[in-house]
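Me: Please take a close look at one part of this model, its sheet. I would like one connected account, including what packs on it and what sits in the loops beside it.

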Amino acid sequence: MGKTILVVGFGPGISNAVAEKFGSSGFSVGLVARNEAKLAQGVKELKAKGIEAAAFPADAGDPASIRAAVAKARGALGPIAAIHWNAYGGAEAGDLLAVDPSASRGVFDVAIVGILAAVQEALPDLKASKEGAVLITNGGFGDVNPQVDAFAVSSKNMGLALANAAKHKLVGLLSERLKGDGVYVGEVVVVSSVKGTAWDQGNATLEATTVAKTFWDLYQGRSEVRARVG
């Protein structure tokens, strides 16, 4: 068995483009999401392109579920050489003053808890790979900027903004923590709508393949921790 990339939060758009980019470059691809029909279609399309792929249904915000998915993917496809985290949460806390304060904890289930569970479970593989990588999709709502804050409030994306900001910090911390182990950690911050995604209202201009190529360039270069597109 060769190297495997686990794509968490699979769907049309960025994650699909990343799966194709890495899969066409020699990786087996494990797809993770809650929607089993979406996973099955993704596997079918990847296999049609000659890419080895398999589906592992799981909840990205549930650490036990994510750990199980990592273990199953390792058993079916081989050692996990890379994780692409494309899942996001926070929609349930669009207006932070209109939700039960305790509900805001859920904002970090996908942004922090799920990522940590995946990385911890896959860590022996990531270290042994010598080319291990954790690649995280992030968004511009996490920027510390008054205009961004105003837009997050007006569009009721306050929870997502918190999640993005937390992920941004997590990337830096994990990068520093893991660089001595030869594991690369990086993020692509997407600051405009991507064609074919839930954010596309018909006027998106950014191609998912552009984001995927940026991830590939970061992975190969292994020096820059962050890149912005859009």
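Reply: Contact here means heavy atoms within 4.5 Å. The model is predicted, so local features need pLDDT of at least 70 and side-chain atom pairs pLDDT 80 or more, while totals for chains, interfaces and linings use all residues. Residues are numbered from 1 along each chain as its sequence is written, and side-chain values use heavy atoms, with hydrogens and water left out.

Start with the overall layout. The sheet is open and has 7 strands (DSSP E runs of at least two residues, numbered from the N terminus). Read across, their order is S3-S2-S1-S4-S5-S6-S7. The pairing (at least two DSSP bridges between two strands) is parallel. At the edges stand strand S3, residues 53-55, and strand S7, residues 226-229. Each of these edge strands pairs on one side only. From one strand to the next, the twist averages 15° (axes are lines fitted to C-alpha atoms, for helices over the stretch in contact; angles run from 0 to 180 degrees between N-to-C directions).

Now take strand S1, residues 4-8. Buried means under 20% relative accessible area, exposed over 50%, partly exposed in between (1.4 Å probe, protein chains only). In S1, 5 of 5 residues are buried. Side chains in a regular strand alternate between the two faces of the sheet. In S1, both faces are covered. Thr 4, Leu 6 and Val 8 are buried on one side. Ile 5 and Val 7 are buried on the other. S1 runs parallel to strand S2, residues 28-32, and 5 bridges join the two. Leu 6 has Gly 30 of S2 as its bridge partner.

Further along the sheet, S5 and strand S6 (residues 184-190) also run parallel, joined by 7 bridges. Asn 138 stands opposite Val 189 in S6. What lies across these strands? Helix H6 lies across S5, S6 and S7 (helices are DSSP H or I runs of at least four residues). H6 runs at about 155° to S6. Helix H7, residues 208-221, packs on the sheet too. H7 touches strand S4 (80-85), S5, S6 and S7. The direction of H7 makes about 155° with that of S6.

Follow these helices into their loops. Lys 156 lies in the loop between H5 and H6. Lys 156 is not a glycine, yet its phi is positive, about 55°. Most residues other than glycine have a negative phi. Lys 156 counts as exposed because its relative accessibility is 53%. Arg 222 sits in the loop between H7 and S7. Arg 222 is not a glycine either, and has a positive phi of about 55°. Its relative accessibility is 28%, so Arg 222 counts as partly exposed.

One helix residue completes the account. Asn 16 is found in helix H1. At 17% relative accessible area, Asn 16 is buried. Leaving out residues up to four places away in sequence, Asn 16 touches Phe 10 and Gly 11. Ile 66 is 50 residues from Asn 16 along the chain, and their C-alpha atoms are separated by 19 Å.
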